[in-house]
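This briefing covers a ligand site, two sheets and two backbone features of one model. The sequence and structure come first, followed by the notes.

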Amino acid sequence: MRELTPTDPRRVGGYLLLRRLGEGRSGVVYLACSLRGEPVALKLIRPAYAFDPAFRARFEADVAAARHVGARRLVTVAAADTAGGTVWAAYPYVAGPTLDETLAAHGPLPPRTVSALGALLAEALTAVHAAGLCHRDIRPGHVQLTLDGPRLTGFGGSGTRIGPPGFLSPEQAVGGAIPVGPPSDLFALGCLLTYAATGRGPFGEGSPRELLRRAAFDPPELADVPRGLLEVVRACLHRDPLLRPSALDLAREMAPPVGAGWLPGPLAREVAARYAAPLPRPASHEPADQGLPLVPGRSAPDTPALTRGAEELPEAEPPEPGAPEAPSDAAQPERPRPTGRRRALRLLGGAGALAVAGVGAGLLLRTEPRGEGPVGAGRRAYAIGLQANLSGTGAAAGSGQQRGLNMAVDELNRLGNLPFDLDVRPLDDAGDPELAREAARALVADEEVMAVIGPTENAVLPAVGDTYATAELPLLALSLTGPNDHERYGSLLVARPPAALAGLAAGEVLAERGARRVVVLDDRAAGEESGRVARALHGSLDRERFTPVARELDSTEADLNALAAELTADGTEAVVWCGRADGAGRLSRALRTNGYPGVGLATERAIGPEYFLHTGQQPDDWFFLAPYTDPRADPRASGFGRAHRDRFGWDAEPYAAEAYDAAQLLVLTLRETVESRAGVTRGVLLEQLLAGRYRGVARDLAFDAEGAYAGEGPVAYLYRAHHGELRFQGPVSG
Ligand SMILES: Nc1ncnc2c1ncn2[C@@H]1O[C@H](COP(=O)(O)OP(=O)(O)OP(=O)(O)O)[C@@H](O)[C@H]1O
């Protein structure tokens, strides 16, 4: 395991990168930690491969196929992004050493260990072959040892899979008429068992060309293979693929699976020590560019990464005569609100509101397509844009929104009976105001785009809010936490309850746990937002039920241990943390060390892997309030959760269900508007959205005349950190 280099990204998707685990042909493998605290091995594909359409297609197909295979000792894809500007796949992290490392440190393994290795790897291969697939890259670097048996890695998300010379079957070595199938995996397994038992492969050492020649034409050298293994190894290495045993035969033939005692003593102790070690902390320094490098001049098919130069993006439309000029700088002072919304509202007059109720939830359950007319047969084309941070810090919110949007649009195209063709236009702004401005200009200039979901971060809103407002292009934001943004930007609709309501939710959570003496902590290290949230929370705690105290600190400088001791001594019953995840994790640990018996509560900004890295895997730890639900556990959203899992193979990320609802609202309102009016413009759609109401899979959506959230239902969702992961507790009504 090596430190990250200065040019390594610090985050990919929703994962925080911690260390380099190794490097393959097509990418670098990192140890990373998910938003919920789970460690993963994350393989980030090199740009040269990621932008090669043939590689990308193979990688995508490989990931998709692997999703359907599950076996106890097979490490397969846990999450991936094969469509975005960066291509990656994440796998459950296995802390044990590879077979390569093991032999280098301990020498060949005893026969009973090799026998168990063979049986258990054959068991994993049985599942792969039963799914009609082949591993194709069995080698010592793809086998890791744990106390309860080996784990086979290197499956799903390769794109270049072919084993190293010395582990290739004759049919792979020569290429040609004999198809490469499951028997090739058995041949490679025979080579691997020979290596594990003797320290050298059956074709010895030499140049790749020489090894390929020997595999193709020479008999294997098996003189050192222990007698008990010889027959099995010889059978696996048969020249004729048809005469090799199947994986199932081998699993039955070799030693039965073993428990804790399968590894020799010193090796077992080393493996145990690796598992006992805590995950490494993230490097304290951040690289100059927090996000992934955006590749100049190239963009992925689905999610173009914007380049800093505007030359590759369509020019923005010139403003209509008389319209306010588009902003030229993110840091502009507050502008008077464009008149678009007010005009739209006046125009609406008595036209009546559209009520698009319950359609999304119904669609998820329907299976029969009912779209009419062939796609593209002279129909109008519309698109929903997405402007999101998909590759910088905070990309988890973005990728969840992208997947939710894609699901809704695919489903509506199949089932929504749309009188138009529908597409998505995702743009990655990487959380960078300059790139965000380019994204907004591109989406505004694209005449097919009728509404945009995004942006995902407060920091970029000032750079884009007026651009969208001037174009009257509805901008539906799910994860912004800014104050009254909807009042500032004429086309912004905010689809989440305001922060002040989260204060009410905090009150409910604290009252239920009998806490009266509450300290609300504003962490200066988390910037102005912490102060804003702290003031809102402090102000909204009911004085009859609580005695709230507001305190400020800077978590990067303060002695959190001394603070924890003081809070424990003065009888504080609840701590409400308004800063980020690292400070929350450190304070939680300090409080625990001091024997603090009270409640810890934090906001969504403190949700992140850093929390778990600092506080460790504790039972029943802090509570967190977030604006998104967990479709794994929320009965209302569980249908969406299952559909997401079926489609992508893993659980929905934060904001996926909310983005699904937002897209349904946008498209169904567009459909109603198209069907009821001759000409549909963005401004007309905006007025209909303001007046509409939608019952979603996650929450109800409705807006007041200014675009603020006015839906009914939970004001937040409660989560609790428990043994290193975040567990959904339920909605909070406030
Ligand atoms: N799930 C995992 N848990 C822990 N470590 C892993 C995991 N997967 C891979 N690694 C580590 O990362 C290193 C590099 O991974 P890997 O060998 O799969 O890349 P590669 O197969 O060489 O890539 P490519 O297929 O592009 O050549 C491995 O040697 C192993 O130590």
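A backbone N or O atom of Val-94 lies 2.9 Å from a nitrogen atom of the ligand, a polar contact in the sense used here (a pair of N or O atoms within 3.5 Å; within protein, one must be able to donate a hydrogen and the other to accept it, and residues adjacent in sequence count only if both atoms are side-chain atoms). The model is predicted, with local features needing pLDDT of at least 70 and side-chain atom pairs counting only at pLDDT 80 or more, while totals for chains, interfaces and linings use all residues. Residues are numbered from 1 along each chain as its sequence is written, and side-chain values use heavy atoms, with hydrogens and water left out.

**Ligand site**

- Two side chains also make polar contacts: a polar atom of His-142 is 2.8 Å from an oxygen atom of the ligand, and one of Gln-144 is 3.4 Å from a nitrogen atom of the ligand.
- The ligand has 610 Å² of accessible area on its own, and the protein covers 89% of this (Shrake-Rupley method, 1.4 Å probe; for residues, only the protein chains shown count as cover).
- There are 18 residues around the ligand, and those that come nearest are Arg-25, Ser-26, Pro-92, Val-94 and His-142 (near: a heavy atom of the residue within 4 Å).
- The shell comprises seven nonpolar, eight polar and three charged residues (nonpolar: Ala, Val, Leu, Ile, Met, Phe, Trp, Tyr, Cys and Pro; charged: Asp, Glu, Lys and Arg; polar: the others, Gly among them).
- At least three shell residues come from each of domain 1 (11-92) and domain 2 (99-274), with bounds from an automatic or database domain assignment.
- Strand E2 (15-23) and strand E4 (39-45) each contribute at least two residues to the shell (strands, E, at least two residues, and helices, H or I, at least four, are DSSP runs numbered from the N terminus).

**Antiparallel sheet**

- Six strands make an open sheet with antiparallel pairing, in the order E1-E2-E3-E4-E6-E5 (two strands pair if DSSP finds at least two bridges between them).
- Strand E1 (11-12) and strand E5 (79-81) are at the edges with a single partner strand each, so one side of each has no neighbour in the sheet.
- E5 and strand E6 (residues 88-92) run antiparallel and are joined by three bridges; Ala-79 has Ala-90 in E6 as its bridge partner.

**Parallel sheet**

- Five strands, in the order E11-E10-E12-E13-E14, form an open sheet with parallel pairing.
- At its edges are strand E11 (421-428) and strand E14 (492-494); each has a single partner strand, so one side of each is left without a neighbour in the sheet.
- Strand E10 (residues 381-388) pairs with strand E12 (residues 449-453) in the parallel sense over four bridges, and the bridge partner of Leu-386 in E12 is Ile-453.

**Backbone features**

- Most residues other than glycine have a negative phi, and most peptide bonds are trans.
- Arg-136, not a glycine, has a positive phi of about 75 degrees; Arg-136 lies in the loop between helix H4 (111-130) and strand E7 (143-146).
- The Gly-454 to Pro-455 peptide bond is cis, with omega near -10 degrees, and Pro-455 is in the loop between E12 and helix H15 (461-470).
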